[in-house]
Amino acid sequence: MEKNLVYTGKTKNVYALPNGNYLLKFKDDCTGKDGVFDPGENSVGLTIEGVGDVNLRMSVYFFEKINAAGIKTHYVSADLKETTMEVLPAKVFGKGLEVICRNRAVGSFIRRYGEYIEAGAELPSYVETTFKNDEKGDPLVTRDGLIVLGVMTGEQYDAIKEMTQKITKIVADDLAEKGLVLYDIKFEFGYDKDGSVMLIDEIASGNMRVYKDGEYIDPMTLSKLFFA
């Protein structure tokens, strides 16, 4: 199939397809620093053989479950041999928005609000949004802020929040069957030509914080446990 490279990303390349869809090519490059893998870093720090493959496999696994649950995503199909995924076209909100769903108080949440809550305390699938901006440290933005800035409508935000909580439950329940506890997870959403919201990007171990018996599981170990 003929394809044209339109974007070179840190962990994926994006190609335009003749049918109007796009092809994501998953790479073995990982974000990190000084040769140490860190999903929170903003630059490629190392290459781990096979990481593109496991990220694609986990994404396909969850996208198929989410689509089956009637939740709209950009996923069309995948070619595991080529480490590629065909997706529907979607526009991102603003210059890029991350949506985090928190089931436990950990990470930046506890750094901000630690005087009000204990580390590891349960949260009711708390949703927050941050602008993707490395220089400004991915600033938090509220529903009202997103509307005032013209990034999205109130209806789009409400759809994102509802979808985020439903998808998080699907992922958390699946991990729980393997004795794993999902503390938080990061998503990206986009919208189609009609303004309908859909889940985009990937659902891989590097986008979630998972614990087993109270111990944090690093993303590479999590991928191995998930497919064991």
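**Exercise 1.** Is the crossing of H1 and H5 left-handed or right-handed? Describe the geometry and the residues of this helix pair.

*Solution.* The structure is a predicted model.

Step 1. Helix H1 spans residues 51-68 and helix H5 spans residues 219-226; their axes come within 11 Å and cross at roughly 55°.

Step 2. Angles under 35 degrees count as roughly parallel and those of 65 to 115 as roughly perpendicular. H1 is therefore oblique to H5.

Step 3. The handedness of the H1 and H5 crossing is left-handed.

Step 4. On the H1 side, the contact is made by Val51, Val54, Met58, Tyr61 and Phe62, which meet Met220, Ser223 and Phe226 of H5. By residue class, this contact comprises 7 nonpolar, 1 polar and no charged residues.

**Exercise 2.** Which strands are tied together by the salt bridge of Asp184 with Arg102? Establish the setting of this pair, and then that of Arg209 and Asp184.

*Solution.*

Step 1. In the salt bridge between Asp184 and Arg102, the closest N and O atoms are 3.3 Å apart. Asp184 belongs to strand S13 (residues 181-191) and Arg102 to strand S10 (residues 97-104), so the bridge joins parts that are 82 residues apart in sequence.

Step 2. Both Asp184 and Arg102 are buried. For Asp184 the relative accessible area is 6%, and the cut-off for buried is under 20%.

Step 3. Asp184 also forms a salt bridge with Arg209, with an N to O distance of 3.1 Å. Because Arg209 lies in strand S15 (residues 208-212) and Asp184 in strand S13, this pair ties together parts 25 residues apart in sequence.

Step 4. Arg209 has a relative accessible area of 27% and is partly exposed.

Step 5. These bridges belong to a network of salt bridges that links Arg102, Arg112, Glu128, Asp184 and Arg209.

**Exercise 3.** How many residues apart in helix H4 are Lys166 and Glu162? Use the answer to describe their salt bridge.

*Solution.*

Step 1. Lys166 and Glu162 form a salt bridge whose closest N and O atoms are 3.0 Å apart.

Step 2. The two residues are 4 residues apart in helix H4 (residues 154-176), so about one helical turn separates Lys166 from Glu162.

Step 3. Lys166 is partly exposed, at 43% relative accessibility. Glu162 is likewise partly exposed, at 45%.

**Exercise 4.** What is the count of salt bridges in the model?

*Solution.* A pair is counted when a side-chain nitrogen of Lys or Arg lies within 4 Å of a carboxyl oxygen of Asp or Glu. The count comes to 15 salt bridges.

Note on methods: Residues are numbered from 1 along each chain as its sequence is written. This is a predicted model: local features need pLDDT of at least 70, side-chain atom pairs count only at pLDDT 80 or more; totals for chains, interfaces and linings use all residues. Side-chain values use heavy atoms; hydrogens and water are left out. Buried means under 20% relative accessible area, exposed over 50%, partly exposed in between (1.4 Å probe, protein chains only). Axes are lines fitted to C-alpha atoms, for helices over the stretch in contact, and angles run from 0 to 180 degrees between N-to-C directions. Angles under 35 degrees count as roughly parallel, over 145 as roughly antiparallel, 65 to 115 as roughly perpendicular and the rest as oblique. A crossing is left-handed if the near helix is turned anticlockwise from the far one by less than a right angle, and right-handed if clockwise. Contact means heavy atoms within 4.5 Å. Ala, Val, Leu, Ile, Met, Phe, Trp, Tyr, Cys and Pro count as nonpolar, Asp, Glu, Lys and Arg as charged, and the others, Gly among them, as polar.
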